[in-house]
Amino acid sequence: MTAALTAWPTLAADGFPYPDHIPARRLIDELAVALVSRDPGVRDDGAYTAAAH
């Protein structure tokens, strides 16, 4: 996977308003990678919370 296009920390701070300019498939791919991260900040605070929204 290439570098993330999505600024997840910024989206989290704004309540996760998903950007229209990034294809949904790309967002799904990024979340899938983040959901298996060993870093709880990435996995729980970022990816899980984004997926829940």
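Helices here are DSSP runs of H or I with at least four residues, numbered from the N terminus. The model shown is predicted.

**View 1. Arg-26 and Glu-30 form a salt bridge in helix 2.** The N to O distance between the side chains is 3.1 Å. The two residues sit four apart in helix 2, so about one helical turn separates them. Arg-26 is buried, at 18% relative accessible area. Glu-30 is buried as well, at 5%.

**View 2. Arg-25 and Asp-29 pair through their side chains.** This salt bridge has an N to O distance of 2.8 Å. Helix 2 covers residues 24-35, and the partners lie four residues apart in it, so they are about one helical turn from each other. Arg-25 is exposed, with a relative accessible area of 54%. Asp-29 is partly exposed, with 26%.

**View 3. Arg-43 meets Asp-44 in a salt bridge.** Nitrogen and oxygen are 2.8 Å apart. Arg-43 is partly exposed at 25% relative accessibility. Asp-44 is also partly exposed, at 34%. A search of the whole structure finds three salt bridges.

**View 4. The whole chain follows the order α-α-α.** The protein has three helices and zero strands. Its radius of gyration is 10 Å, close to the 10 Å from the globule rule for 53 residues, so the protein is as compact as a globular protein of that length. The C-alpha trace spans about 30 × 25 × 15 Å along its principal axes. Of the 53 residues, 28% count as buried. The mean positions of the 4 positive and 7 negative charges are 10 Å apart.

Note on methods. Residues are numbered from 1 along each chain as its sequence is written. This is a predicted model: local features need pLDDT of at least 70, side-chain atom pairs count only at pLDDT 80 or more; totals for chains, interfaces and linings use all residues. Side-chain values use heavy atoms; hydrogens and water are left out. The radius of gyration is taken over C-alpha atoms; the globule rule is 2.2 Å times the number of residues to the power 0.38. Buried means under 20% relative accessible area, exposed over 50%, partly exposed in between (1.4 Å probe, protein chains only). Lys and Arg count as positive and Asp and Glu as negative; His and the chain ends are not counted. The place of a charge is taken as NZ of Lys, CZ of Arg, CG of Asp or CD of Glu. A salt bridge is a side-chain nitrogen of Lys or Arg within 4 Å of a carboxyl oxygen of Asp or Glu.
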